[in-house]
Amino acid sequence: MTTQAPSSRLLLALAALGAVGVVASYFVTGPERFWANWIVWFLFLFTLALGCLFMVGIEHLVAARWSVPLRRVPERLSTLLLPVVPIGLIALGAVSVLYPGAKPEALQNPLLAGKATWLGLPFFSLRTVLSLALCLWGLRVLVMGSLKQDLTKDPAYNLKARRFAPVFMAIFAVVITLLAYDWVSGLMPEWYSDIFGVYLFAGGFLAALAATVLALSHLQAQGRLTGIRGDHRYNLGAFIFAFTVFWSYIGFAQYMLMWYANLPEEVLWYKIRFEGGWHTLTITLAVIHFVVPFFALVTRDAKSNAARLKWVALLMLGAHYLDLYWMIFPMLGKGVLFSWPEVAFGAFFVAGGLMWARRSMNWGEDMPVGDPFLAKGLEFHL
Amino acid sequence: MPKTFAVLGLFDHPDALMQAIPQVKAKNLGRIETYTPYPIHGMDEALGLRRSPLGGMVLVMGVLGALTAFGFQYWISAVDYPIVTGGKAPWSWEAFIPIMFEVTVLFATFTAGLGMLLLLNKLPFFGHPVLQSKAMRAITRDRFALAIEADPELDAEAAREALRAAGAADLEVLEQEPPKPFLTSDFVLRTLGAIAIACVAAGAVMYGAIKLFPVLPPMSHMQDQPRLGPQQANAFFADGRSMRMPVSGTVARGHLPAATGTQDDAKTLSNPLPRTEATFALGKQVFTRRCAVCHGALGNGTGSLTAAYGAKPANLTAQMFRDYADGQIYWAIVHGKNAMPSQAAELDDKERWAAVHYVRALQRAQNAKDEDLR
């Protein structure tokens with residue numbers, strides 16, 4: 001701790017400064033903008049942490065070996081789900097401010113009145129609380145079990161995790177879909193997109209991979225996790241590469257079908273985002289979320305190049321923030337709002353998230369030493 | 001004496017093989033190759049194989065595929081034959097993307113597959129000398145062979161020495177086989193290349209031919225029907241016409257009955273227009289425009305042209321015309337009578353019948369009854 005003191009103090013100062021800005025923004029720029037920012041960061045941290053847990057779950061599901069040595073990194077990052085719980089409960093305050101389906105005016109709109117039970121605050125809150133609870137259950141079984149295995153060296157954990165993984169996949173699918181429908185497309189309840197949950201999943205998993213890469217490079221810079229070589233990094237790079245393509249595939253498929261059919265209630269989502277400053281932002285999103293990482297990672301060497309992976313990962317985290325901002329902020333009005341409240345929120349949550357992540361990097365051993373497949377994973381060759 | 005193709009050194013363990021590679025390589029006797037029952041990690045680096053150029057080829061061809069698909073779709077839908085489909089602009093790039101994606105994948109996979117097999121692996125490759133070796137059976141099962149191959153010459157004795165020094169358990173010398181000219185990768189590649197060039201050339205020639213010689217219309221289905229051209233006699237019908245005349249008395253849809261036959265035949269026609277103010281206004285307008293110049297504003301045959309014109313126009317108010325049926329007056333308007341020309345071209349049905357009503361009104365005006373004055 002002593003060696004990291006200066007940077008820790010910097011983070012703490014940043015978080016404190018951000019917190020002041022966050023509170024001030026509620027009174028200066030109004031509750032709507034405050035809640036929009038809050039939801040962006042709630043979703044950012046939730047999808048990131050859930051994506052990390054998904055990475056752990058999918059390893060157990062398919063009995064992957066290569067990722068065993070670096071599994072502790074997403075395991076530790078997925079503990080971000082713990083601070084996400086209060087953030088999510090606070091975010092419920094946004095429901096009656098921002099979400100048209102939960103406002104009293106909704107009863108005048110026949111489309112919304114018919115779905116009042118689903119869109120209203122009580123059931124909305126129930127779904128959110130249930131989602132968070134299910135995620136915590138996943139965290140308990142997969143991550144706490146793995147940390148415990150460090151001491152017990154009991155391979156029973158692997159069997160348990162393997163049996164639990166399919167259950168977790170179902171939980172994950174439901175939670176991420178509810179997250180997308182309730183918290184994002186709920187801002188525009190007349191608008192439908194069946195694939196929206198998958199879209200959010202693609203972005204969230206990408207953010208999780210990016211965070212894993214950054215944490216890995218941070219640990220390796222301290223001389224830890226030396227067993228992880230270019231071959232492991234190559235797989236992470238290939239995952240990021242694949243998911244930038246997957247994200248754009250889903251995003252474009254969603255857009256193209258709506259563009260073709262041109263139904264008023266469907267194209268409205270894109271019409272808003274193709275006007276004024278939002279149009280520039282839409283193009284920027286496509287460039288930094290797809291074009292740049294695609295060409296940055298297309299070659300074989302680039303995927304295992306630590307420096308290249310690190311800046312692509314940073315870019316992908318930024319792109320995920322931009323993606324969420326692009327999904328949520330157009331609801332506030334025509335103009336692109338970005339000034340000190342957004343910066344303050346960014347400072348608060350980034351610094352807070354980093355402080356949590358840095359602490360979490362000391363939980364358990366650096367590698368799951370109790371896992372019987374660790375040796376196999378260390379031997380991994382492409 | 002046949003030339004030596006290679007000397008095989010057989011090893012019992014992959015580690016022994018890996019250790020032998022640098023020793024044999026250092027002697028620099030010929031091309032080094034290994035034959036193993038399964039892939040061994042690190043073999044590429046140990047042999048010093050160059051990085052496969054396939055990745056670059058696939059990227060180039062993939063980008064080329066995307067550009068080809070975009071260019072082709074842009075050209076057909078926005079340049080050569082622009083058609084608005086589904087209310088979208090002809091150059092809607094969104095609609096191009098799925099096809100660009102597919103063509104990119106097509107080009108990339110074909111390049112990867114064919115490039116690997118034909119260009120880099122040089123397949124088809126029949127009768128490699130190693131396949132004829134006695135050690136082949138063991139190599140596919142549990143032994144690991146290191147070969148020093150002629151490049152282009154090989155000192156067999158030195159090679160044997162080198163392999164034995166490197167720890168080979170067994171040695172085997174392979175003779176050079178005469179090359180087989182049949183179906184080499186060069187031949188296949190050239191054939192495929194020729195087919196591709198021929199396809200592109202045939203497409204270009206076909207396109208040019210259709211553009212330059214419209215005598216070869218691409219789609220002539222509607223043009224090539226078994227039908228008679230204009231002014232051609234039809235042998236099938238007795239009157240030699242292709243089109244049948246309508247049955248007499250046929251009234252076209254949306255048209256009023258026409259006066260055919262003699263004036264007497266037209267007696268049966270009745271005026272279809274109602275006697276409304278609008279009808280009389282139209283009738284007056286038509287009468288003033290087309291009739292009054294000869295028949296006079298009152299219809300009594302004293303029009304302004306009468307003096308200059310030899311013929312004497314009819315006095316429409318006379319008893320003879322008062323006794324006419326509506327149809328007979330109508331017939332006279334359509335066909336003309338005596339010196340009066342036909343007005344058919346100038347007046348449509350409605351105007352003619354309105355004029356008939358107006359003539360009736362004029363007749364009544366000149367021969368009013370007592371009750372009309374009340």
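**Entry 1. Overall dimensions of chain B**

I looked up the radius of gyration of chain B in this predicted model and found 50 Å, where a compact globule of 374 residues would have a value near 21 Å. I then took the box that the C-alpha atoms of chain B fill along the principal axes, and noted roughly 150 × 50 × 40 Å.

For the domains, I noted that the assignment for chain B gives domain 1 as residues 4-183 and domain 2 as residues 265-373. I looked up the centres of these two domains of chain B, taken over C-alpha atoms, and recorded a separation of 101 Å.

**Entry 2. Chain A for comparison**

I repeated the check on chain A. Its radius of gyration is 21 Å, close to the 21 Å that the globule rule gives for 382 residues, so chain A is as compact as a globular protein of that length. Along the principal axes, I recorded a span of about 65 × 45 × 35 Å for the C-alpha trace of chain A.

I also listed the secondary structure of both chains. Chain A holds 17 helices and zero strands, while chain B holds twelve helices and four strands.

**Entry 3. The sheet of chain B**

How are the four strands of chain B ordered in the sheet? I read the order as 2-3-1-4, in an open sheet with antiparallel pairing. Strand 2 (31-35) and strand 4 (170-175) of chain B are the edge strands, and each pairs on one side only. I noted an average twist of 25 degrees from one strand to the next.

As general background, I recalled that the strands of a sheet pair through backbone hydrogen bonds, either parallel or antiparallel.

I then examined one pair in detail. Strand 2 and strand 3 (residues 144-149) of chain B run antiparallel and are joined by five bridges. Opposite Thr34(B) I found Leu146(B), which belongs to strand 3 of chain B.

**Entry 4. Helices lying across the sheet**

I followed helix 1 (residues 14-27) of chain B and found that this helix lies across strand 1 (4-11), strand 2 and strand 3 of chain B. Helix 1 of chain B runs at about 15 degrees to strand 3 of chain B.

I next followed helix 6 (residues 156-165) of chain B, which lies across strand 1, strand 3 and strand 4 of chain B. Helix 6 runs at about 15 degrees to strand 1 of chain B.

**Entry 5. Where chain A touches chain B**

I recorded nine residues of chain A in contact with seven residues of chain B. Helix 11 (residues 230-261) of chain A supplies the largest share of the chain A side, four residues. By class, I noted five nonpolar, three polar and one charged residues on that side of chain A.

I checked the length of helix 11 of chain A: at 1.5 Å a residue, its 32 residues should span 46 Å, and the end C-alpha atoms are 46 Å apart, which agrees. Asn262(A) follows helix 11 of chain A and has a positive phi, near 60 degrees.

How values were computed. Residues numbered from 1 in each chain as written. Chains lettered and ligands numbered in written order. Predicted model: local features only at pLDDT ≥ 70, side-chain atom pairs only at ≥ 80, totals over all residues. Pairing = 2+ DSSP bridges. Helix = DSSP H or I, 4+ residues; strand = E, 2+ residues; numbered from the N terminus. Axes fitted to C-alpha atoms, helices over the stretch in contact; angles between N-to-C directions. Contact = placed C-beta atoms within 7 Å. Nonpolar A, V, L, I, M, F, W, Y, C, P; charged D, E, K, R; others polar. Expected span 1.5 Å × (residues − 1). Domains from an automatic or database assignment. Rg over C-alpha atoms; globule rule 2.2 N^0.38 Å.
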